[in-house]
Amino acid sequence: VFYLSVIVLIPLAALFIWAFEPGLNTFWTAIGTPRVAAALKLSFGMAALAALVDSLFGFVITWVLVRYRFPGRRLLDAVIDLPFALPTAVAGIALSTLYAPNGWLGAPLAEHGIRIAYTPWGVLVAMVFISLPFTVRTLEPVLGEIGRDLEEAAATLGATRLQTIRTVIVPMLAPAILAGGAMAFARAVGEYGSVIFIAGNLPAISEIAPLLIVTKLEQYDYAGAAAIGAVMLMA
């Protein structure tokens, strides 16, 4: 209890104390400005969308890793954990370089009028990248415990592959999918390092909430920074 209090509970309590100490009106004023509202909307909206994308493609990747054996499988399995090991600043620089208007991926997209880097869509790309391992690693052990006998039984009863996945596999994986999606959302909404390099950081357009917290700290607005942090923590 002492260790948990020192490491987790006391810092979290301090955050709420800093946020509400000036008064409830000051708290609402701090989080009610258009700039803060836009930053929170962007962070939560893109994090939720990233969690949905990661849940879908995380399921597909997990299915391939668990159900199939192929050359390069172990390498692919190791690449999934790359966002865990890669410094977030390095990831942000790499993503911004790739998706810049003159980048390897950004140039072909720019020819069709699609801009990723330095726009809100860049925020989504970075969030999808850093939160994908959470969905895959949450689903992997659960899918590994589901034997092929259930799929074979469904096939003998006349179910197609799609029906088997939809009515047999997905319901059994639903708790793990939700858990992985929730962790991916929590990871994405608090991401800072990789997002700021590709977002553009324009106030009310592509500015994320964690960056706004840092900005307020640099301005010695500790109550305002704590208010935004308290909202993110409660969510």
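Is Phe59 buried or exposed? I looked this up in a predicted model. Phe59 is buried, at a relative accessible area of 14%.

**Entry: Phe59 and its partner**

I went on to the ring that Phe59 pairs with, and found Trp63. The two centres are 6.0 Å apart and the planes make an angle of 40°, so the pair is tilted, the class for angles that are neither under 30 nor over 60 degrees. Both residues belong to helix H3, which runs over residues 34-67. They are four residues apart there, about one turn of the helix. I then checked the accessibility of Trp63: it is buried, with a relative accessible area of 9%. I also looked for a charge at this ring. The charged end of Arg67 sits over the ring of Trp63, 5.1 Å from its centre.

**Entry: aromatic pairs elsewhere**

I noted eight aromatic pairs in the structure. One of them joins Phe16 and Phe20, and it is stacked, with 6.4 Å between centres and 10° between planes. I asked how Phe16 and Phe20 are placed in helix H1. They are four residues apart in this helix, residues 2-20, which means a separation of about one helical turn. Phe16 is partly exposed at 28% relative accessible area. Phe20 is also partly exposed, at 32% relative accessibility. I recorded one aromatic cluster formed by Phe16, Phe20, Phe27 and Trp28.

**Entry: nonpolar cores**

Next I looked at the cores. The largest nonpolar core has 39 residues. Within it, Leu40, Val123, Met127, Ile228 and Met232 have the most contacts. I listed helices that each supply at least two residues of this core, among them H2 (24-31), H6 (88-99), H10 (161-189) and H13 (222-234). H3 gives the largest share, eight residues. Another core, of 11 residues, lies apart from that one, and Phe59, Trp63, Val168 and Leu173 are among its members.

I took Ile228 as a case to follow. Which residues is Ile228 in contact with, leaving aside neighbours within four places in sequence? I found Ile31, Val36, Leu40, Ala209, Leu212, Ile213 and Lys216.

**Entry: Leu42 and Leu157**

I picked Leu42, which is found in helix H3. Leu42 counts as buried because its relative accessibility is 11%, and the cut-off is under 20%. Not counting residues up to four places away in sequence, Leu42 touches Ala47, Pro120, Val123, Ile205, Ser206, Glu207 and Ile208. I checked the distance to Pro120: the two residues are 78 apart in sequence, with 7.6 Å from C-alpha to C-alpha.

I then turned to Leu157, in the loop between helix H9 (149-156) and H10. Leu157 is exposed because its relative accessibility is 77%, and the cut-off is over 50%. Leu157 and Ala85 are 72 residues apart in sequence, and their C-alpha atoms lie 45 Å apart in space.

**Entry: helix H8**

Last, I checked the span of helix H8, residues 120-145. What span should the 26 residues of H8 have, at 1.5 Å a residue? The expected value is 38 Å, because the span is 1.5 Å times one less than the number of residues. The end C-alpha atoms are 39 Å apart, which agrees. I also looked for a bend. H8 bends by about 40° at Ser131. A proline, Pro133, follows within four residues.

Methods: Residues are numbered from 1 along each chain as its sequence is written. This is a predicted model: local features need pLDDT of at least 70, side-chain atom pairs count only at pLDDT 80 or more; totals for chains, interfaces and linings use all residues. Side-chain values use heavy atoms; hydrogens and water are left out. Rings of Phe, Tyr and Trp (its six-membered ring) pair if their centres lie within 6.5 Å; planes under 30 degrees apart count as stacked, over 60 as edge-to-face and the rest as tilted. Buried means under 20% relative accessible area, exposed over 50%, partly exposed in between (1.4 Å probe, protein chains only). A charge sits over a ring if NZ of Lys or CZ of Arg is within 6 Å of the ring centre and within 35 degrees of the ring normal. The bend at a residue is the angle between axes fitted to the seven residues ending there and the seven starting there. A nonpolar core is a set of buried Ala, Val, Leu, Ile, Met, Phe, Trp, Tyr and Cys residues joined through side-chain atoms within 4.5 Å. Contact means heavy atoms within 4.5 Å.
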